[in-house]
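Visitor: I am new to this structure and would like to learn how to read its features. Please take me through a few of them.

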Amino acid sequence: MPSRLDRVFAWAERHPVQVLALLFLFSLLVRFVTAEYLMDGDNASKWMEARRLAAGLGVSHWYNHSMRWAVILPLAGLIKLFGPYPLLVYVLPFTLASVASVCICLIGEKIHSLKLGIAASVLTTLLPLMVVTGSQIFPGVFELGFTAIMVWLVMVWIDRRSSWLLVLAGVCFFLGWGARVTELYTYPGIVLLIWLPTRDFKAVVLFTAVAAGLCFAEWGWFWWDSGNPLGRLGLLGATRGGHPDLPISLKDYLLQFVELKKLKGLLPIAVLTLAASVAALRDRDMRVRGLGALYLGCMFLVLYMISGVSPLKLALPYGSRYYPQMAPFGLLLLLYFLFRLKDRHRRTGIALIAVLFISFAGFSIKRIPPTNSLVQMSRDYALLKPAIAADRPIVLVNEPWEPNFIEKVLIETFTNPARKKPRGDSSIRLDMSRDQERVGALFLDDISRYAQFIKAPLVRVEKYRYILPSSDGGVESPAAESVFGWKLHRAFPLPAKGDS
């Protein structure tokens, strides 16, 4: 007699469109519930560049964030349509993360079954790092969305052999490139995904011609606009080439895989997915081999890609922010082999799959903020926008990060707490300046004042308390407190001077 779960999957097989819609809505719900407040620094810069474009001012100057046109242009379009309402920052990350989850389901169905696709889609949605990536205007979520669509289009092409599918896949590659140049790392894997199942060299040439032709056109445009003959890559090198983490010794370069420790609790998942991708290279299904090559290639290049030989320099310092772009494909391969294990050893396979789901769900639940970030941002907008428009001072209050019990145990186990130095004023002032940028980007109505706003010297009151003065330098009668921590922000009104 079929179990309740079997009946659910039987219904899913009969109603695939409804299943995809439910997966999309589930992803949107998780993104909404776990959303983090817009982080300062990079995200504030991209939001302000989009506001400038929407206002017809053009970008402030060419640097790594203003050149992410696949992020900036659609965001500017939303601002042009609906106005500079801060909640718009969540529209594109939520949408692309959810589209990626649906595409992962479709890819899983192609290589195995709808059950595998649904499982991989849900794990993608619950991936702990997606709490950050899926709610910020980081380029990673844009890369993930466009890469997932690209891979799905190639999978469909393998069955149908319509050249238009490869043309669209090349366009998706270009869009991913427009979000971040690390989309280039997907090229070897996607070419193998086209070649291995079909041995169709013309198809590889068509995909490459479309992707390269569009990238070549972009290079020409940036050369024409900036005067840099290397186009966007030359501008990136000029703005990021002096990054202190890029030069590296040969020994440290060979040990770059150690940088995966930055994934912290996801390190075991990274190891397991890498093992699954290696196993995928020996699978009978050439599509699975292609996916394995895609995941392995990207993981290798993001760790070991160099930008110079003498001296040896990395292309980018590795960080956990690069993992979500490819993690869903690794999870898909891991589940592929766990489903095969389940077919031979049902209890073991089910138990291991359950551990994945329970751990991912637990981490996601733990990351739910005490007040929903979209609700909090709406409240802050209603308070801080008129306060800044009235040129009232704002108090910035930094709440230092305090580890929970588990984090404290890990810190005490693997580090020497006695050697940890207390935070200095320079570090605190840097955080204050970043919050100053965030407040200005989100809540300053007159963007022509933005440069003046973020450069206004802060006035120190206490170690974790500064005042952002009015335009004339006044600090009396501040309108509100901007209280921020590692991942939270909330504003509180302050009574006017003389009020009880």
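Visitor: Which residues form one aromatic cluster with W62?

Guide: This is a predicted model. In it, W221, F222 and W224 join W62 in one aromatic cluster. Across the whole structure, a search finds 17 aromatic pairs. One of them is W221 with F222: the ring centres are 5.4 Å apart and the planes stand at 90°, so this pair is edge-to-face.

Visitor: Why is the pair of W221 and W224 tilted?

Guide: A pair is called stacked when the planes are under 30 degrees apart, edge-to-face when they are over 60, and tilted otherwise. The planes of W221 and W224 are at 55°, so the pair is tilted, with ring centres 6.3 Å apart. Both residues belong to helix α11, which covers residues 201-226. They are 3 residues apart there, about one turn of the helix.

Visitor: Are W221, F222 and W224 buried or exposed?

Guide: Buried means under 20% relative accessible area and exposed means over 50%, with partly exposed in between. F222 has 3% relative accessibility, so F222 counts as buried. W221 has a relative accessible area of 42%, so W221 is partly exposed. W224 reaches 66%, so W224 is exposed.

Visitor: What sits over the ring of W157?

Guide: The charged end of R161 does, at 5.2 Å from the ring centre.

Visitor: Which residues make the nonpolar surface patch of about 460 Å²?

Guide: The patch is made by L250, L254, L255, F257 and V258. Take L255 as a case: L255 lies in the loop between α13 (250-254) and α14 (267-280). Its relative accessible area is 38%, so L255 is partly exposed.

Visitor: How many bridges join strand β6 to strand β7?

Guide: There are 5 bridges between β6 (residues 480-484) and β7 (residues 489-493), and the two strands run antiparallel. For a single partnership, look at V483, whose bridge partner in β7 is R490. The two strands form a hairpin, with 4 residues between them.

Visitor: Where is S477 found?

Guide: S477 is in the loop between β5 (465-468) and β6. With 24% relative accessibility, S477 counts as partly exposed.

Visitor: How far apart are S477 and R340 in sequence and in space?

Guide: Sequence separation is counted in residues, while the distance in space is taken here from C-alpha to C-alpha. S477 and R340 are 137 residues apart in sequence and 67 Å apart in space.

Technical notes:
Residues are numbered from 1 along each chain as its sequence is written. This is a predicted model: local features need pLDDT of at least 70, side-chain atom pairs count only at pLDDT 80 or more; totals for chains, interfaces and linings use all residues. Side-chain values use heavy atoms; hydrogens and water are left out. Two strands pair if DSSP finds at least two bridges between them. Patches are made of residues with over 30% relative accessible area and no salt bridge: like charges are joined within 9 Å, nonpolar side chains (Val, Leu, Ile, Met, Phe, Trp, Tyr) within 5 Å. Accessible areas come from the Shrake-Rupley method with a 1.4 Å probe; for residues, only the protein chains shown count as cover. A salt bridge is a side-chain nitrogen of Lys or Arg within 4 Å of a carboxyl oxygen of Asp or Glu. Buried means under 20% relative accessible area, exposed over 50%, partly exposed in between (1.4 Å probe, protein chains only). Rings of Phe, Tyr and Trp (its six-membered ring) pair if their centres lie within 6.5 Å; planes under 30 degrees apart count as stacked, over 60 as edge-to-face and the rest as tilted. A charge sits over a ring if NZ of Lys or CZ of Arg is within 6 Å of the ring centre and within 35 degrees of the ring normal.
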